[in-house]
Amino acid sequence: MKKAKIAVLISGTGSLLIAMLEKGLDVSLVLADKDCEGVEKVIVRFPQVKIEMVRRTDFGKPFESHRAEFTKKVVEVLQANDIKVVVMAGFMTIFSKEMFDAYSGRVLNSHPALLPAFKGPRVVADALAFGVKITGTTIHIATAELDAGPILAQEAVRILEGDTEATLWERIKVVERTLYYETVLRFMAKNFSNTEWEE
Ligand code: GRF
């Protein structure tokens with residue numbers, strides 16, 4: 001019996017990833033699409049964790065014409081590392097369908113709003129601009145259709161007077177740091193008995 005390997009994909013500060021590592025999640029691989037703070041933190045604080053870079057900037061412009069090529073490269077790297085579950089944590093590149101063919105039902109994402117409300121890339125600002133009083137986070141299975149896959153968990157966050165995008169987003173992230181970790185554990189337990197799988 002081998003443990004099903006998890007990869008966490010990041011592009012930015014990586015605070016969700018760091019929270020997962022601090023809580024003891026067995027992350028076999030961190031993959032980033034650009035040099036970022038999250039990668040720096042992993043190198044310093046969790047040097048035992050393997051890092052792979054698939055830089056967007058190494059692909060031609062416009063990126064849209066190279067999205068499939070980029071996606072295929074990421075899939076190749078994940079498969080070469082024997083990864084079974086892909087956890088996107090602030091990963092900012094949208095994959096083409098090749099990812100969801102290769103890892104169907106096994107790509108997880110955390111979205112900082114209560115789906116199906118506020119889809120897209122700037123949703124914390126969108127929720128503030130709309131004037132909703134409650135937003136939150138959604139942990140879901142990512143599919144080829146953006147922000148539309150089956151929901152695994154949600155938690156609400158109240159919007160306070162005077163909130164800015166930064167203050168609200170940080171309170172959402174506080175919730176995500178626990179909810180995402182717990183949801184990944186539940187997902188692994190449900191889909192890979194005792195987080196293990198047989199060859
Ligand atoms: C989280 O809010 C997540 O929902 C969104 O990106 C943010 C990642 O934060 N997809 P960090 O880079 O882990 O701090």
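In this predicted model, helix α5 passes helix α6 in a right-handed crossing, a crossing being right-handed if the near helix is turned clockwise from the far one by less than a right angle, and left-handed if anticlockwise. The helices meant here are DSSP runs of H or I with at least four residues, and strands are runs of E with at least two, numbered from the N terminus. The axes of α5 and α6 (residues 165-191) come within 9 Å and cross at roughly 115 degrees, where axes are lines fitted to C-alpha atoms, for helices over the stretch in contact, and angles run from 0 to 180 degrees between N-to-C directions. On the α5 side the contact (heavy atoms within 4.5 Å) is made by V124, A125 and L128, and on the α6 side by E165, L168, W169 and I172. Sorted by class, this contact has 6 nonpolar residues, no polar ones and 1 charged residue; Ala, Val, Leu, Ile, Met, Phe, Trp, Tyr, Cys and Pro count as nonpolar, Asp, Glu, Lys and Arg as charged, and the others, Gly among them, as polar.

The model is predicted, and local features need pLDDT of at least 70, side-chain atom pairs count only at pLDDT 80 or more, and totals for chains, interfaces and linings use all residues. Residues are numbered from 1 along each chain as its sequence is written, and side-chain values use heavy atoms, with hydrogens and water left out.

A second helix pair is formed by α1 (residues 15-22) and α2 (residues 37-45), whose axes come within 9 Å and cross at roughly 25 degrees. The two are therefore roughly parallel to each other, a label for angles under 35 degrees, while angles over 145 count as roughly antiparallel, 65 to 115 as roughly perpendicular and the rest as oblique. The crossing of α1 past α2 is right-handed, and S15, L17, I18, L21 and E22 of α1 meet K41, V42 and R45 of α2. By class, this contact has 4 nonpolar, 1 polar and 3 charged residues.

Turning to the sheet, 7 strands form an open arrangement with mixed pairing, in the order β4-β3-β2-β5-β6-β7-β8, strands being paired if DSSP finds at least two bridges between them. Strands β4 and β8 stand at the edges with a single partner strand each, so one side of each is left without a neighbour in the sheet. From one strand to the next the twist averages 20 degrees. Strand β2 (residues 5-10) pairs with β3 (residues 27-32) in the parallel sense over 5 bridges, and L9 has L31 in β3 as its bridge partner. Helix α2 packs on the sheet and touches β2, β3 and β4, its direction making about 155 degrees with that of β4.

The loops hold several backbone features, set out here by residue.

| Residue | Backbone feature | Loop |
|---|---|---|
| P62 | cis bond from K61, omega near -5 degrees | between β4 (50-53) and α3 (67-80) |
| P116 | cis bond from L115, omega near 15 degrees | between β6 (107-111) and α5 (123-130) |
| D82 | positive phi, near 65 degrees | between α3 and β5 (83-88) |
| D147 | positive phi, near 55 degrees | between β7 (134-141) and β8 (151-158) |

At 22% relative accessibility, D82 counts as partly exposed, whereas D147, at 9%, counts as buried. Buried means under 20% relative accessible area, exposed over 50%, and partly exposed in between, with a 1.4 Å probe and protein chains only.
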